[in-house]
Amino acid sequence: MPEKPYDHNHIELKWHARWENADFYKAEENSTKPKYYVLEMLPYPSGTLHIGHIRNYAIGDALARYKWMRGYNVLHPMGWDAFGLPAENAAIANRTPPREWTLHNIAAMKKTHRRFGFSYDWDREISTCEPEYYRWNQWFFLKMLERGLAYRKKALVNWCPQCATVLANEQVVNGCCWRHEDSAVEQRALEQWFLKITDYADELLDAMSQLDGGWPERVLTMQRNWIGRSEGAEIDFHLAGSGEPIRVFTTRVDTIYGATCVILAPEHPLTQRLLDAAGRARAKSMVDDRANRDPGDIEKEGFATSHFAVNPYSGEQIPIWVANFVLMGYGTGAIMAVPAHDERDFEFCRKYGITVRPVIRPVDGPLAVEPGMKEAFTDYGIVENTGQWSGLTSEEARRQMAAWAEQHGFGKAAITFRIKDWGISRQRYWGTPIPVIHCPQCGVVPVPEAQLPVILPDRIEITGAGRSPLESVPGFVNVACPKCGGAAQRETDTMDTFIDSSWYFYRYCDPHNGRMPFDPARIAYWFEIDQYIGGVEHAILHLIYSRFFTKMMRDIGLIRNSEPARRLFTQGMVIAEGAKMSKSKGNVVGADMLADKLGTDTARLFVLFAAPPEKEVDWRNEGAEGIYRFLGRIYRFATRNTPPVARDGSADRKVLRKLHQTVRKVTEDFESRWHFNTCIASVMELVNLLYAEEGGLSTAAMAEVLEKLTLLLAPFAPYLAQEIWEELGKPGPVFRQPWPGFDPELAKEEEAEIVVQVNGKVRSHVHAPFGTQAKEIEARVLADGKVKPYLEGKQIVKIITVPDKLVNVVVR
Ligand SMILES: [Zn+2]
Ligand SMILES: [Zn+2]
């Protein structure tokens, strides 16, 4: 047949229309096949998909299609993380209700998803802003309330004046709002709801050993640091005069004889009592300034009080200071400063001229001499000038000194964590209403389960002012108390949207359940997720909360698994022409624009080809055009060789070897490291060889080549693969065919037969893979049994080697 030009629009629109109502992406409910749950992180419905989204989905889609072809029952769902601030901001900006704006965006994005032909089981689609979904957020909240895992407290919270809302600690970046790099975060005291994620801190940390190998090491390290477990001791210093205890947490009690001051956090209760009005004002301004609580990032500042603390071991009196880098939320809000053995304390005490006193020496060296220390000595060593503990190792001193504190009633060994309880209250409209009622008689009363969901009222006015917009909706706020029936008020805060995404992947398994969040039996079949795919920016927010939710759900008896996902893959970013994509730069590569111009297959294949999936990809127009030409080459080759023309078969062996090698390479990569870029490169090599050897392929070889090449293409460029499949006269969806096998013998690189001469006379032959190094061949030649007799008693003058062909040994 004459070749056909590659018309991507014609091909993609044709199959898009035929697939629109097809149901071959549905996961089977009762299956005897092995299951495979592949999941990409669900998007926020901002309105448009760009090439960065496409990369995430193209990886998951290739995997899903491959697993179908390998005979798995695949679950590959998609949904919408639909609550959140942008909808509210859009509502303020252009007076569109958040719900309308969100649904409109979902419809637009879903259209693009379908245009790309991603293999989602759309019957399982969920949208977190729908009452049938968020009612279960409320249900989980009530379960946690019953178990004391949800509690309320007045707390200083991070407040972004621009968002006019509370931010989680994770949403504070360098002291500013994560959405507003120029908006300094303030501290405000508000009654808030918290989830006790700290109850699970130990398990979240320890269980990471099960994720080793399946999760990127980088993500595990970020989680470890975020949880931040430190083992140490709590020790009570005493306020000189009154004897009131001041509890400090230290990981190095062995250095306590080197403590030269006690430093309080500016919001420490004692700070307020010890200081005069001017001091209190100074402390307060520190709290306000210090939006970012990460001590590593801020200039250390402090001031002395007129008070002293007594070291309980030595009886020494040391001054009490207040400083901005001491955190109320970590440890006890008070520290002992040991400048000789802690870098941060050293920096602070040098700045303010506070005594530096070394008490730990290196195991193999003398104690540092002060003045003259240039830096803190932070290693373990031998303890000196420390009363009865002098001469012990640091490790031994830590143990004995903590035990001694406990015996004498002024301290104990203790563990502290960096992770804090999860503050979930948001003073916003577009989120899940927190299901509690405030009654003047009964206090906080949970909404009875039978009254769920507490529905978010529609059509309300959103002004962007500071408090929750729900406060101005009397029909929502004013209710009868479920306990006493008296007049009461609903909570008007909504939940952090990270609640929505903490468990959505369970709902996909049973998305229409009206009685429970899901049927536990279905979870038992599908979980854990076999492969989760998303951006590394979610390493500590979403991925810690999801693990916490899973453990909570296990503990209330809903599920058996303790972790949500067996394997996690974090794909790299996509930039465009060397620059980060952003709306303001106007360089966002939109998915629909690409589909129009080059087709969806080209867009997918480019992001898979341009770099290994974990690395950054730079979108280059000329690179994408190269992919487009490559697909065109395949299509033209396939159409002009269908049906195959009878030829002599002289190239069969060479081409089939390359074909089987390519199948082996792609198969091994899907099963291991996902280097799709090198897989696609090897398919390109195969296509180049096909062009070179086209005239020498027999009918049977050509048929095999075309079939397997099409199957190899199916996970990466499904529209084109399907079109060729039809051209080949084969029925059914191409990605429901068995994955092509390879013959390991045929895939073996053929060996070169190398002639071995001694002084120009043929004495032997050796076989070696093509391209074997001359040195290696020569060593084999010299050890060859047929050659050896001719070398005995002779001196080798030189060896002449023609690669892959000949070795001539010249002897004398
Ligand atoms: Zn903000
Ligand atoms: Zn009441």
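**Exercise 1. Determine whether cysteine 442 is buried, partly exposed or exposed, and then find its role at the zinc ion (ligand 2).**

Solution. Cysteine 442 has a relative accessible area of 26% and is therefore partly exposed, where buried means under 20% relative accessible area, exposed means over 50%, and partly exposed lies in between, with a 1.4 Å probe and protein chains only. Before going on, note that this is a predicted model, in which local features need pLDDT of at least 70 and side-chain atom pairs count only at pLDDT 80 or more, while totals for chains, interfaces and linings use all residues. Residues are numbered from 1 along each chain as its sequence is written, chains are lettered from A and ligands numbered from 1 in the order in which they are written, and side-chain values use heavy atoms, with hydrogens and water left out.

The next step is the metal site: Cys439 (SG), Cys442 (SG), Cys481 (SG) and Cys484 (SG) are the protein donors of the zinc ion (ligand 2), at 2.2 to 2.4 Å from it. Donors here are N, O and S atoms within 2.8 Å of the metal (3.2 Å for Na, K and Ca), and since water is not among the atoms, sites may look incomplete. Along the chain, these donors follow the spacing C-x2-C-x38-C-x2-C. Cysteine 442 belongs to the loop between β21 (436-439) and β22 (443-446), and cysteine 481 to the loop between β23 (478-480) and β24 (487-490), so the pair ties together parts that are 39 residues apart in sequence. Strands (E, at least two residues) and helices (H or I, at least four) are DSSP runs, numbered from the N terminus. Cysteine 481, with 3% relative accessibility, counts as buried.

**Exercise 2. Explain why the arrangement of the four donor atoms around the zinc ion (ligand 2) has the name it has.**

Solution. The angles that the four donor atoms subtend around the zinc ion (ligand 2) are 105 to 114 degrees, and the arrangement is therefore tetrahedral. The rule is that four donors count as tetrahedral if all angles lie between 85 and 135 degrees; four count as square planar and six as octahedral if opposite donors are over 155 degrees apart and all others between 65 and 115, and anything else is irregular.

**Exercise 3. Work out which strands stand at the edges of the open sheet of four strands.**

Solution. Begin with the order of this open sheet, which is β6-β5-β9-β19 with antiparallel pairing; two strands pair if DSSP finds at least two bridges between them. The edges are taken by β6 (165-167) and β19 (422-423), each with a single partner strand, so one side of each is left without a neighbour in the sheet. Inside the sheet, β5 (residues 150-160) and β9 are joined in the antiparallel sense over ten bridges, and tryptophan 159 stands opposite glutamate 186 in β9. Strand β9 (residues 186-195) also pairs with β19, in the antiparallel sense and over two bridges, with glycine 423 in β19 as the bridge partner of phenylalanine 194.

**Exercise 4. Establish where histidine 113 is found and what surrounds it.**

Solution. Histidine 113 is part of helix α4 (residues 98-116), and at 0% relative accessibility histidine 113 counts as buried. Neighbours within four places in sequence aside, histidine 113 is in contact (heavy atoms within 4.5 Å) with residues including Tyr57, Trp80, Tyr120 and Trp122.

**Exercise 5. Identify which residues touch the most other members of the largest nonpolar core.**

Solution. A nonpolar core is a set of buried Ala, Val, Leu, Ile, Met, Phe, Trp, Tyr and Cys residues joined through side-chain atoms within 4.5 Å. The largest one has 185 residues, and Phe140 and Phe549 touch the most other members. Helix α2 (residues 51-69) gives this core its largest share, eleven residues. Not counting residues up to four places away in sequence, phenylalanine 140 touches Phe549 as well as others, among them Trp503 and Leu558. Another core, of 31 residues, lies apart from the largest one, and its members include Ala233 and Val359. For the protein as a whole, buried residues make up 55% of the 812 residues.
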